[in-house]
Amino acid sequence: MASVVVLLTLTETAERIRRSPAALRYMVHKGTAPRSALLAGRRFFKASDVDEWIENAFQEAS
């Protein structure tokens with residue numbers, strides 16, 4: 001049985017990390033954003049990758 005992958009758009013991800021979409025685009029450009037991929041010309045983020053990125057930020061801050 002295949003696992004379900006939850007994809008977030010750039011706007012949804014920006015809301016989730018409380019940044020503007022423009023700021024998230026810049027983070028992608030700099031390589032500091034959560035992992036993402038272009039699918040059919042649109043940028044998507046896996047929700048699990050975003051959650052892991054947030055968790056890692058808190059781990060590093062401790």
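**View 1. The hairpin of strand 2 and strand 3, with Ala40 in its turn.** In this hairpin, Ala40 has a positive phi near 55°. The turn leaves 2 residues between the strands. The model is predicted. Strand 2 and strand 3 are antiparallel partners, joined over 3 bridges. Leu39 faces Arg42 of strand 3. Strand 2 covers residues 37-39, and strand 3 covers residues 42-46.

**View 2. The open sheet and its strand order.** The sheet has 3 strands, ordered 1-3-2, and the pairing is antiparallel. Strand 1 (7-9) and strand 2 (37-39) are the edge strands, each paired on one side only. On average, neighbouring strands of this sheet are turned by 50° against each other, direction ignored. Strands of a sheet pair through backbone hydrogen bonds, in either the parallel or the antiparallel sense.

**View 3. Strand 1 against strand 3, with helix 3 on the sheet.** Strand 1 pairs with strand 3 over 3 bridges, again in the antiparallel sense. Leu8 has Phe45 of strand 3 as its bridge partner. Helix 3, residues 47-61, packs on the sheet and touches strand 1 and strand 3. The helix direction makes about 60° with that of strand 3.

**View 4. Thr9 and its contacts.** Thr9 belongs to strand 1. Is Thr9 buried or exposed? Its relative accessible area is 19%, so Thr9 counts as buried; the cut-off for buried is under 20%. Which residues does Thr9 contact, leaving aside neighbours within four places in sequence? They are Arg42, Arg43, Phe44 and Phe45. Two of these names recur elsewhere in the sheet: Arg42 stands opposite Leu39, and Phe45 is the bridge partner of Leu8.

**View 5. A nonpolar surface patch of Val5, Leu7 and Leu39.** These residues make a patch of about 250 Å². Val5 lies in the segment before strand 1, whereas Leu7 is in strand 1. Val5 is partly exposed because its relative accessibility is 48%. Leu7 is also partly exposed, at 41%. Both values fit the patch criterion, because patch residues need over 30% relative accessible area. Leu39, the third member, stands opposite Arg42 in strand 3.

**View 6. Val5 and Ser48 across the chain.** Along the chain, Val5 and Ser48 are 43 residues apart. Their C-alpha atoms are separated by 8.2 Å. Val5 sits in the segment before strand 1. Helix 3 spans residues 47-61 and touches strand 1.

**View 7. The salt bridge of Asp51 and Arg16.** How many salt bridges does a search of the whole structure find? It finds 2. One of them joins the side chains of Asp51 and Arg16, at 2.9 Å from N to O. The pair links distant parts of the chain: Asp51 is in helix 3, and Arg16 is in helix 1 (residues 10-16). They are 35 residues apart. Asp51 counts as partly exposed, with a relative accessible area of 38%. Arg16 is partly exposed too, at 37% relative accessibility.

**View 8. The salt bridge of Arg35 and Asp49.** Here the closest N and O atoms are 3.2 Å apart. This pair also links distant parts of the chain, 14 residues apart. Arg35 lies in the loop between helix 2 (21-30) and strand 2, and Asp49 lies in helix 3. The two partners fall on opposite sides of the accessibility scale. Arg35 is exposed because its relative accessible area is 59%, and the exposed class begins over 50%. Asp49 is buried, with a relative accessible area of 12%.

**View 9. Asp49 and its contacts.** Asp49 is a residue of helix 3. Which residues does Asp49 touch, not counting those up to four places away in sequence? It touches Pro34 and Arg35. Arg35 is thus a contact of Asp49 and its salt-bridge partner as well. At 12% relative accessibility, Asp49 counts as buried, because the class takes in values under 20%.

Conventions
Residues numbered from 1 in each chain as written. Predicted model: local features only at pLDDT ≥ 70, side-chain atom pairs only at ≥ 80, totals over all residues. Heavy atoms only, no water. Pairing = 2+ DSSP bridges. Helix = DSSP H or I, 4+ residues; strand = E, 2+ residues; numbered from the N terminus. Axes fitted to C-alpha atoms, helices over the stretch in contact; angles between N-to-C directions. Contact = heavy atoms within 4.5 Å. Buried < 20%, exposed > 50% of the residue type's maximum accessible area, 1.4 Å probe, protein only. Patch = residues over 30% accessible without salt bridge, like charges linked within 9 Å, V, L, I, M, F, W, Y side chains within 5 Å. Areas by Shrake-Rupley, 256 points an atom, 1.4 Å probe, with all protein chains shown as cover. Salt bridge = Lys/Arg side-chain N within 4 Å of Asp/Glu carboxyl O.
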